[in-house]
Amino acid sequence: MEFISIKPTITSDDVEKFEKEVLTKYMTDLKNPRFPESFRKHVVEIHGGKPKKDILINVEKRLHYYFTLVRIDSHLESCYDLYPKKNYVGFVSDQGGNPFCFDLTPGKNYGKIYFCPMDGGFDYKEIAKDYDEFLSLLVSDEEY
């Protein structure tokens, strides 16, 4: 998948350090919160940026921008208390600033992706069973 406006690259060690220092700070009930492996690989290859295929076909939402690790940290700091599900972490937003979030709860929901509107409602919609499926749902304007 092609991206534009990519930020400087990071390493898998940077991702691991982020998980240990930032995710554990917020997700205190999880022993070792980690991003799904497919996303960990993606964020090392493409850190931040915007996909050229940016329309999520199953919910007709346009993605705005992938969060960098620094942005994920600041998003958690400013919005974490608004999430009713404390093991969610946003990684990309729509044009209205509403995040798409991973569920990092171990078990059957681990890695599922939800659309999390920040308008005070808690009607979180499951978007994809995993990150690979999420990517497969993205289309360009021409394909839409």
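## Exercises on a predicted model

Among the elements of the protein chain, mean pLDDT (the predictor's confidence in each residue, from 0 to 100) is lowest for helix H3, residues 69-79, at 84, and highest for helix H4, residues 131-136, at 95. This is a predicted model: local features need pLDDT of at least 70, side-chain atom pairs count only at pLDDT 80 or more, and totals for chains, interfaces and linings use all residues. Residues are numbered from 1 along each chain as its sequence is written, and side-chain values use heavy atoms, without hydrogens and water.

**Exercise 1.** Find which residues of H3 are buried (under 20% relative accessible area; exposed is over 50%, partly exposed in between; 1.4 Å probe, protein chains only).

*Solution.*
1. List them: Leu69, Ile72, His75, Leu76 and Cys79.
2. They span an arc of only 115° around the axis (taken from the directions from the helix axis to the C-beta atoms), so they lie on the same side of H3.
3. Turn to the other side: Val70, Glu77 and Ser78 are exposed there.

**Exercise 2.** Work out why strand E6 (residues 99-103) is largely enclosed by the rest of the structure.

*Solution.*
1. Count: 5 of the 5 residues of E6 are buried, so the rest of the structure largely encloses the strand.
2. Check both faces: Pro99, Cys101 and Asp103 are buried on one side, Phe100 and Phe102 on the other.

**Exercise 3.** Identify which residues stand opposite phenylalanine 100 in E5 and E7.

*Solution.*
1. Strand E5 (residues 88-94) pairs with E6 in the antiparallel sense over 5 bridges (pairing needs at least two DSSP bridges).
2. Here valine 92 stands opposite phenylalanine 100.
3. Strand E7 (residues 113-115) and E6 are also antiparallel, over 3 bridges.
4. In E7, phenylalanine 115 is the bridge partner of phenylalanine 100.

Notes. Helices (H or I, at least four residues) and strands (E, at least two) are DSSP runs, numbered from the N terminus.
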